[in-house]
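I opened the model and went through it one item at a time. These are my notes, in the order I took them.

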Amino acid sequence: MSENNEHNGEHGHDDGHHVNYFKIYLLLLVLFIISVVGPEVGEFTGLRWITLITAFGIAVVKARLVVNNFMHLAWEKRIMKWMLASSVLLMFLMVAGISPDVMNHEGNNWENVAAKAEVERGLAYAAGYSSDEAEDEGEAEVVVAAGFSAATSYGQICATCHGAAGAGDGIAGAALDPPPANFTDPAFWADPARDRDRVITVIRDGAVAVGGSALMAPWGALYTEEQLEQVADYVMSFRPDA
Amino acid sequence: MAHARPIATTRSATGIPTPRLAVWWILASEVVIFGGLLGVYIMHRIGHPEWAEAASHTQTWIGAINTFVLLTSSFTCVLAHQAAEKGNGKEAAKLLGFTILGALMFLMIKSYEWTTEIIAGYTITANTFWSFYYTAAGLHALHVIAGAIIMGFIAVDAFRGRELHRVEIIGIYWHFVDVVWIFLFPLLYIAK
């Protein structure tokens, strides 16, 4: 026993059992596949209980398999099981205690106005989203939607070269030749061809599309048409005369 | 070896070796930490039907691959324990190495996943669903990182044939991290 060097005379708990770990592992993989495929079936057939059982029921079974066979809790002293059980019990106690207040948004003498407003706002947004975007944009655009802000996106992507204030002084842009455009320079905007449509084209397809430098990469894959327009407007807001 | 150890680590009133007792205590408190967080998430999820829209943007396949990676790392970890029981420190160290590899793979996949989501605008402040998403998965990822680091130390010791009982201790912790993910996966990815 590995523990003998510090627990003399005391034998580990593993003496009496032999778990076939590989079998447990295979069983876990089978359950895992069911937990992925099941909810798809549930969604396809519209039967919500299939999703609930295959997703959460199976999770409990998997957790039990791991806890009993890999963590060897099944062979552990009883006091340990009680200890863990009391932790789980406390957790459920907390959930049971506060769930009426969290899950309901109104009661006999109270109303959670903020939560209700958030639900309403969220559902309206989701409804608008599904009718507008899902139809003409398809699956690929699904990732880009909630919480989009042109300023944030500019800060994360464009600012590395064009600078946070649009002055073309971003860290990654310092070594580029030609240097990144300076949106605060009146001379840059002096060319009448630099209108909103052209800015959108350059962001979407890269500067090469208008005969510019290949260093300005195409970013169209990141944005929906609407978001492209927002980013373009943000870029144009750096114009000195804007 | 025993003479160099504090008395507290050499006796056991419960009949359970002290290191194992200690790790079970840690896990008992972890149950309350993760359980509390996930319990609050579930309550809000039920109270806020509009979260379904936000949740539909999580990338199920990435979560599924990570579930597979963690399950497999748990398997190599329990095999490491088995090797340690047989006194084969080198084999145990090798298997712990595979487990650490699993942890690294998990973290790399998670980094990729979060990067695509953050670029798309789904940040921790986007709405309450995403706050829970990053908090729960982030807290879990911290446990993965901590476990991998500790496992590294234990693997080095095991390779030299020292402190083999610790392989079981880190294993118990690691399987718990796996169990937490077993629940996180359906909660964050499957329930749409």
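**Fold of chain A.** I began with the order of elements. Along the sequence, chain A runs α-α-α-α-α-α-α-α. I looked for strands and found zero, against eight helices. This is a predicted model, so I kept confidence in view throughout.

**Burial and contacts.** I looked up how much of chain A is buried. Of its 242 residues, 21% count as buried. Next I took the contacts in chain A between residues at least 6 apart in sequence. Of these, 40% join residues at least 24 apart.

**Confidence.** How high is the mean pLDDT of chain A? I noted 81, with 84% of the residues at 70 or more. Then I went helix by helix. Confidence in chain A is highest in helix α3, residues 78–103, at a mean of 92. Helix α4, residues 113–137, has the lowest, at 70.

Two stretches got a flag. Residues 1–16 of chain A have pLDDT below 50. I still find 27 contacts for this stretch in the model, beyond near neighbours in sequence. Residues 131–145 of chain A are also below 50. For that stretch I noted 14 contacts beyond near neighbours in sequence. Where pLDDT is low, predicted coordinates should not be read in detail, so I leave fine geometry there alone.

**A cis peptide.** Which residues of chain A does the cis bond join? I found D177(A) and P178(A), with omega about 0°. I then placed the proline. P178(A) sits in the loop between α5 (150–162) and α6 (186–190) of chain A.

**Positive phi, chain A.** I turned to backbone angles. H72(A) has phi near 60°, a positive value, and is not a glycine. Its place is the loop between α2 (48–70) and α3 of chain A. Is H72(A) buried or exposed? I counted 21 other C-beta atoms within 10 Å. The cut-off for buried is 20 or more, so H72(A) counts as buried.

**Positive phi, chain B.** I made the same check on E163(B). Phi is positive here, about 50°, although E163(B) is not a glycine. The residue lies in the loop between α5 (128–159) and α6 (165–190) of chain B. Why does E163(B) count as buried? It has 20 C-beta neighbours inside 10 Å. Buried starts at 20, so E163(B) meets the cut-off.

How values were computed
Residues are numbered from 1 along each chain as its sequence is written. Chains are lettered from A and ligands numbered from 1 in the order in which they are written. This is a predicted model: local features need pLDDT of at least 70, side-chain atom pairs count only at pLDDT 80 or more; totals for chains, interfaces and linings use all residues. Helices (H or I, at least four residues) and strands (E, at least two) are DSSP runs, numbered from the N terminus. A residue is buried if 20 or more other C-beta atoms lie within 10 Å of its own, exposed if 12 or fewer, and partly exposed in between; C-beta atoms are placed from the backbone. Two residues are in contact if their C-beta atoms, placed from the backbone, lie within 7 Å. pLDDT is the predictor's confidence in each residue, from 0 to 100.
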